[in-house]
Amino acid sequence: MSEEPVPARASLDRLFDLAEVLGAITQRGMAEKGLTPARAGVLWALFQDGPVTQRALATRLGVTPRNVTGLLDALQEDGLVVREPHPTDRRATLVSLTDEGRSTTSALRGGRDELADLLFADVPADRLDTFTATLAQVTGRLRAVGGDGPE
């Protein structure tokens, strides 16, 4: 096999670099808030979807209800979520963010928005549109090959 760079291989190398750097930045941001990736995922899901049942939350995150229970126990202990009886289903528990949970998640989103502004501020809109479309295409192919995550 040739050692000469091929555009597709060079692009994949850049994606690996991106994943490593972006992962480190993301981990640092979560750690500053005292969160693990799994706990941050719960907060983000609640931030986007609003109050949901524990079962719906487990389905959304692709984990077992037992895993969600452990995550929620920790987040509730930290004052970030609250569990209450469902208003119409006696068997279900409704999970929602507390004010502190909303504040924490808003701060994470604010950090994401600041990073986006920093990274793409001087990129022309047409190039950014092409970049975004290409990333979406590549991500879709990766999900199809690996069978991971929602599209």
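**Exercise 1.** Are helix 2 and helix 5 roughly parallel or roughly perpendicular to each other?

*Solution.* The model is predicted.
- Step 1: take the axes. Those of helix 2 and helix 5 (residues 99-120) come within 10 Å. They cross at roughly 95°.
- Step 2: apply the cut-off. Angles of 65 to 115 degrees count as roughly perpendicular. Helix 2 and helix 5 are therefore roughly perpendicular to each other.
- Step 3: list the contact. Helix 2 contributes L43, W44 and F47. They meet R102, T104, T105, S106, R109 and R112 of helix 5.
- Step 4: sort by class. This contact has three nonpolar, three polar and three charged residues.

**Exercise 2.** Repeat the analysis for helix 3 (residues 54-61) and helix 4 (residues 65-77).

*Solution.*
- Step 1: the two axes come within 9 Å. Their crossing angle is roughly 105°.
- Step 2: helix 3 and helix 4 are therefore roughly perpendicular to each other.
- Step 3: on the helix 3 side, the contact uses Q54, R55, L57, A58 and L61. On the helix 4 side, P65, V68, T69 and L72 take part.
- Step 4: by class, six residues in the contact of helix 3 with helix 4 are nonpolar, two are polar and one is charged.

**Exercise 3.** Work out the strand order of the sheet, then place helix 2 against the strands.

*Solution.*
- Step 1: three strands form an open sheet. The order is 1-3-2, with antiparallel pairing.
- Step 2: find the edges. Strand 1 (52-53) and strand 2 (81-85) each pair on one side only.
- Step 3: check one pairing. Strand 1 and strand 3 (residues 93-97) are joined in the antiparallel sense over two bridges. T53 has L94 in strand 3 as its bridge partner.
- Step 4: add the helix. Helix 2 (residues 37-49) lies across strand 1, strand 2 and strand 3. Helix 2 runs at about 95° to strand 3.

**Exercise 4.** Write the order of elements, then compare the radius of gyration with the globule rule.

*Solution.*
- Step 1: the protein has six helices and three strands. From the N terminus on, they run α-α-β-α-α-β-β-α-α.
- Step 2: the radius of gyration is 19 Å, well over the 15 Å that the globule rule gives for 151 residues, so the protein is more spread out than a compact globule.
- Step 3: look at the span. Along its principal axes the C-alpha trace covers about 65 × 30 × 25 Å.

**Exercise 5.** Where is confidence lowest, and where is it highest?

*Solution.*
- Step 1: start with the whole protein. The mean pLDDT is 90. Of its residues, 93% reach 70 or more.
- Step 2: go to the elements. Helix 1 (residues 7-32) is lowest, at a mean of 91. Strand 2 is highest, at 95.

Key: Residues are numbered from 1 along each chain as its sequence is written. This is a predicted model: local features need pLDDT of at least 70, side-chain atom pairs count only at pLDDT 80 or more; totals for chains, interfaces and linings use all residues. Side-chain values use heavy atoms; hydrogens and water are left out. Two strands pair if DSSP finds at least two bridges between them. Helices (H or I, at least four residues) and strands (E, at least two) are DSSP runs, numbered from the N terminus. Contact means heavy atoms within 4.5 Å. Axes are lines fitted to C-alpha atoms, for helices over the stretch in contact, and angles run from 0 to 180 degrees between N-to-C directions. Angles under 35 degrees count as roughly parallel, over 145 as roughly antiparallel, 65 to 115 as roughly perpendicular and the rest as oblique. Ala, Val, Leu, Ile, Met, Phe, Trp, Tyr, Cys and Pro count as nonpolar, Asp, Glu, Lys and Arg as charged, and the others, Gly among them, as polar. pLDDT is the predictor's confidence in each residue, from 0 to 100. The radius of gyration is taken over C-alpha atoms; the globule rule is 2.2 Å times the number of residues to the power 0.38.
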